[in-house]
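User: I would like a close look at one part of this predicted model, taken strand by strand and with its surroundings included. Please give a single connected account.

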Amino acid sequence: QVQLVESGGGLVQAGGSLRLSCAASGRTFSTSPMGWFRQAPGKEREFVAAINWNGGRTYYADSVEGRFTISRDNAKNTVYLQMNSLKFEDTAVYYCAAPRSSSTTTQAMREYSPNRYWGQGTQVTVSS
C-alpha cells in the first residue's frame, strides 16, 4: 500500500521559514516526478511546485517563485519543500502528490488530478 506522509508544518511568523517533508512508502518514486499542492479554506487545491525524477527540472507557481524550493532525496524516497519569506497568504494545508502512472510527465504534475497518490496534508499557518 502506497503512503505519502507529509511533515514539517506549523505556525510561523511572516518572513519566517519552514521545511516540509514528504516521505513515501509502499513503492519507490525515484523515477517519477513529484509535486506539492496547497489548499486554503474555501479555495480549490492549487499547484505549488513540481520536480522531475532526478531534481534536474523544477516548476513553481508564480506566487512562490523565488521563495520556495523543491528538492528530493531518492535514496530516502522523500521530497522536500523549503519555504522562505513566508507570507500570510501562504497559509494552507500542504499536500504531497505522486503519479500513479509511469507515463506522467513533470509538466502534468502541475495540474491537479484526483488520480494521483496524495498525502494527508500538513497545516502551515503564517501569522501576519
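The part I have in mind is strand S4: how many bridges join S4 to S9, and in which sense do the two strands run, parallel or antiparallel? Please go on from there to the other partners of S4, the side chains around it and the parts of the chain that lead up to it.

Analyst: In this predicted model, S4 and S9 run antiparallel and are joined by five bridges. One position in this pairing deserves particular attention: Trp-36 has Cys-96 of S9 standing opposite. Strand S4 itself covers residues 34-39. S4 is mostly covered, with five of its six residues buried.

S4 also pairs with S5. Five bridges join S4 to S5, and these strands too run antiparallel. Within this pairing, Gly-35 faces Ala-50 of S5. The hairpin formed by S4 and S5 has six residues between the strands, and there Gly-42 adopts a positive phi near 75 degrees.

The side chains bring in an aromatic group. The structure holds five aromatic pairs. In one of them, the ring centres of Phe-37 and Phe-47 lie 5.8 Å apart with the planes at 75 degrees, so the pair is classed as edge-to-face. Because Phe-37 belongs to strand S4 and Phe-47 to strand S5 (residues 46-51), the pair ties together parts that are ten residues apart in sequence. Phe-37 and Phe-47 are both buried. Phe-37 counts as buried because its relative accessibility is 1%, against a cut-off of under 20%.

Phe-37 has another ring partner. The rings of Phe-37 and Trp-118 have centres 5.2 Å apart and planes at 75 degrees, so this pair is edge-to-face as well. Here the link spans distant parts of the chain, with Phe-37 in strand S4 and Trp-118 in strand S10 (residues 116-118), 81 residues apart. Phe-37, Phe-47, Trp-118 and Tyr-112 form one aromatic cluster.

Cys-96, the residue opposite Trp-36, leads from S4 to the disulfide. The structure holds one disulfide, in which Cys-96 is joined to Cys-22 with an S to S distance of 2.1 Å. Cys-22 lies in strand S3 and Cys-96 in strand S9 (residues 92-99), so the bond links distant parts of the chain, 74 residues apart. The link of Cys-22 and Cys-96 is left-handed, with -80 degrees about the S-S bond. Cys-22 counts as buried because its relative accessibility is 0%, and Cys-96 is likewise buried, with a relative accessible area of 0%.

Strand S3 (residues 18-25) pairs with S1 in the antiparallel sense over five bridges. Val-5 stands opposite Ala-23 of S3, and Ser-7 has Ser-21 of S3 as its bridge partner. The side chains of S1 alternate along the strand: Leu-4 and Glu-6 point to one face and are buried, whereas Gln-3, Val-5 and Ser-7 point to the other and are not. S1 and S3 belong to an open sheet of four strands, ordered S1-S3-S8-S7 and paired in the antiparallel sense. Strand S1 (3-7) and strand S7 (68-73) are the edge strands of this sheet, each pairing on one side only. From one strand to the next, the twist averages 15 degrees.

The approach to S4 can be followed through Ser-32, which is found in the loop between S3 and strand S4. Although Ser-32 is a loop residue, it counts as buried, because its relative accessibility is 5%. Beyond its neighbours within four places in sequence, Ser-32 is in contact with Arg-27, Asn-52, Trp-53, Arg-72 and Pro-99. Two of these contacts can be placed in strands: Arg-72 falls in strand S7 (68-73), and Pro-99 in strand S9 (residues 92-99). With Arg-27, the side chain of Ser-32 makes a polar contact to the side chain, at 3.5 Å. Ser-32 and Gly-119 are 87 residues apart along the chain, and their C-alpha atoms are separated by 16 Å.

Taken together, S4 has antiparallel pairing with S5 and with S9. Phe-37 of S4 takes part in the aromatic cluster, and Trp-36 stands opposite a cysteine of S9 that is joined by the disulfide to Cys-22.

Conventions: Residues numbered from 1 in each chain as written. Predicted model: local features only at pLDDT ≥ 70, side-chain atom pairs only at ≥ 80, totals over all residues. Heavy atoms only, no water. Pairing = 2+ DSSP bridges. Axes fitted to C-alpha atoms, helices over the stretch in contact; angles between N-to-C directions. Buried < 20%, exposed > 50% of the residue type's maximum accessible area, 1.4 Å probe, protein only. Disulfide = S-S within 2.5 Å. Contact = heavy atoms within 4.5 Å. Polar contact = N/O pair within 3.5 Å; in protein donor to acceptor, adjacent residues only side chain to side chain. Phe/Tyr/Trp six-rings, centres within 6.5 Å; stacked < 30°, edge-to-face > 60°.
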